[in-house]
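Colleague: I'm new to reading models like this one. Could you put it up on the screen and let me ask some questions?

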Amino acid sequence: MEQKLPFSPGRGWAKINRGLINIGLSLYAIVTLYPLFWLFTSAFKTNEEFDSRPFYLPEVWHWDNLSRAWKVSAMGTSLINSTIVTIASLVLTLLLGALAAYVLARFQFRLKAFLMGLFLLGMLIPIHSTLVPLFIMLKKVSLLDTYWALILPYTAFELPLAIFVTAAFLTVIPKEIEEAALIDGTGYWGIFFRMMLPLSLPALSTVAILGFLRFWNDFAFALIFISKPALKTVPLSLSVFATGYSTDYKLTMAAMTIAVIPTIVAFLMFQEQIMKGMTAGAVKG
């Protein structure tokens with residue numbers, strides 16, 4: 001006959017705890033995803049439905065809201081501009097940040113502590129307090145209404161975080177790796193590009209995540225430094241539906257739905273690297 005195992009109180013409490021954790025995580029997921037669901041459903045409503053039935057599904061799905069929002073806001077042009085600015089800013093931030101972090105983390109020299117403190121001081125400067133000086137500076141060098149008017153400030157303000165996170169990560173890598181490479185005849189540039197840069201990918205992923213969100217969603221710099229319609233980024237395109245007297249909510253929601261799609265696609269494509277980068281950044285930073 002089959003013998004039944006005796007009931008274990010510890011095993012029973014473990015199942016209960018696991019069930020409570022699953023319920024809590026499910027509720028958290030619903031609360032987190034509901035605003036996105038609300039945004040998508042609101043994009044297909046009329047303004048009257050948005051005011052009277054904000055939390056209900058639309059009675060009639062107005063798919064033409066997406067096409068009208070795309071046309072009115074020139075979303076195609078703004079998506080291209082945001083992509084160019086974001087990618088260029090990320091490349092400069094990651095390259096310059098990794099180079100500076102490599103020097104600060106792996107070499108001993110005078111003023112090293114001063115330079116590290118100077119870079120970290122950049123994290124304490126309120127970004128928006130520099131709008132007026134930056135506007136005057138960019139105007140004098142004739143960079144207003146160009147991509148560089150956004151790329152250079154974005155890179156400058158993201159560099160302190162990139163250096164701090166990457167340097168903390170590179171510090172724990174054994175120096176014997178570099179010594180062995182130097183004995184084999186590899187120069188410092190070879191060590192950086194062939195060894196340190198690949199090893200620091202988790203930290204750079206963390207920087208890339210934070211930088212992408214900041215660059216893609218920035219409104220203040222784009223509003224001040226860009227006035228040409230052909231160079232407007234996505235946040236500026238979303239503002240055309242609001243005036244001082246009224247807001248076209250249906251087209252605003254439709255345009256926002258289009259604007260968040262690239263972020264969602266990027267997350268789905270690189271979710272493994274994103275999670276590894278966030279974990280590594282939390283541990284090393």
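Colleague: Let's start with a loop. Between which helices does the loop with Ser 142 lie?

Modeller: Before that, a word on the ground rules: this is a predicted model, where local features need pLDDT of at least 70, side-chain atom pairs count only at pLDDT 80 or more, and totals for chains, interfaces and linings use all residues. Residues are numbered from 1 along each chain as its sequence is written, and side-chain values use heavy atoms, with hydrogens and water left out. Helices (H or I, at least four residues) and strands (E, at least two) are DSSP runs, numbered from the N terminus. With that in hand, the loop holding Ser 142 lies between α6 and α7.

Colleague: And is Ser 142 buried or exposed?

Modeller: The scale is relative accessible area: buried means under 20%, exposed over 50%, and partly exposed in between (1.4 Å probe, protein chains only). Ser 142 comes out at 59% relative accessibility, so it counts as exposed.

Colleague: What about Asp 145, buried or exposed?

Modeller: Asp 145 is also found in the loop between α6 and α7. Its phi is near 60 degrees, a positive value in a residue other than glycine, and phi of Ser 142 is near 60 degrees as well. Most residues other than glycine have a negative phi. With a relative accessible area of 18%, Asp 145 is buried.

Colleague: Let me zoom out. How many helices does the protein chain have?

Modeller: Going along the sequence, you meet α after α in the pattern. There are zero strands, and the helices come to 14.

Colleague: What percentage of the residues is buried?

Modeller: The protein chain has 285 residues. Its accessible surface (Shrake-Rupley method with a 1.4 Å probe; for residues, only the protein chains shown count as cover) comes to about 17500 Å², of which 72% belongs to carbon and sulfur atoms. The buried share of the residues is 35%.

Colleague: Which helix gives the largest share of the largest nonpolar core?

Modeller: A nonpolar core is a set of buried Ala, Val, Leu, Ile, Met, Phe, Trp, Tyr and Cys residues joined through side-chain atoms within 4.5 Å. The largest one has 18 residues, and Leu 150, Tyr 154, Phe 221 and Phe 225 touch the most other members. Two or more residues each come from α4, α6 (131–140), α7 and α11 (220–225). The largest share, five residues, comes from α7.

Colleague: How many residues are in the other core, the one with Phe 50?

Modeller: That core lies apart from the largest one, and Met 75, Leu 251 and Met 253 are also among its members. Its residue count is 16.

Colleague: Now Thr 166. Which residues of α4 could I look at next to Thr 166, say the one that also lists Thr 166 among its own contacts?

Modeller: Thr 166 lies in helix α7, and it is buried because its relative accessible area is 0%. Contact means heavy atoms within 4.5 Å, and beyond neighbours within four places in sequence, Thr 166 has contacts including Ala 98, Ser 200 and Val 207. The residue in helix α4 that is in contact with Ile 163, Thr 166, Ala 167 and Leu 170 is Ala 101.

Colleague: How far apart in space are Ala 101 and Leu 159?

Modeller: Ala 101 is buried, given its relative accessible area of 0%. In sequence, Ala 101 and Leu 159 are 58 residues apart. From C-alpha to C-alpha, the distance is 9.9 Å.

Colleague: Where does Thr 93 lie?

Modeller: Thr 93 is buried, with a relative accessible area of 1%. Not counting residues up to four places away in sequence, it touches several residues, including Thr 155, Glu 158, Leu 159 and Phe 215. Its place is helix α4.

Colleague: Last one: which helix supplies the largest share of the lining of the largest cavity?

Modeller: On a 1 Å grid over the protein atoms alone, a cavity is a set of points where a 1.4 Å probe fits but cannot get out, and lining residues have an atom within 4 Å of a point. The largest cavity has a volume (the space filled by probe spheres set on the points, which are joined across faces, edges and corners) of about 40 Å³. Its lining includes Ser 82, Tyr 154, Trp 216 and Pro 235. The largest share, three residues, comes from α4.

Key:
On a 1 Å grid over the protein atoms alone, a cavity is a set of points where a 1.4 Å probe fits but cannot get out, and a pocket is an open set with protein on both sides within 12 Å along at least five of seven lines; lining residues have an atom within 4 Å of a point.
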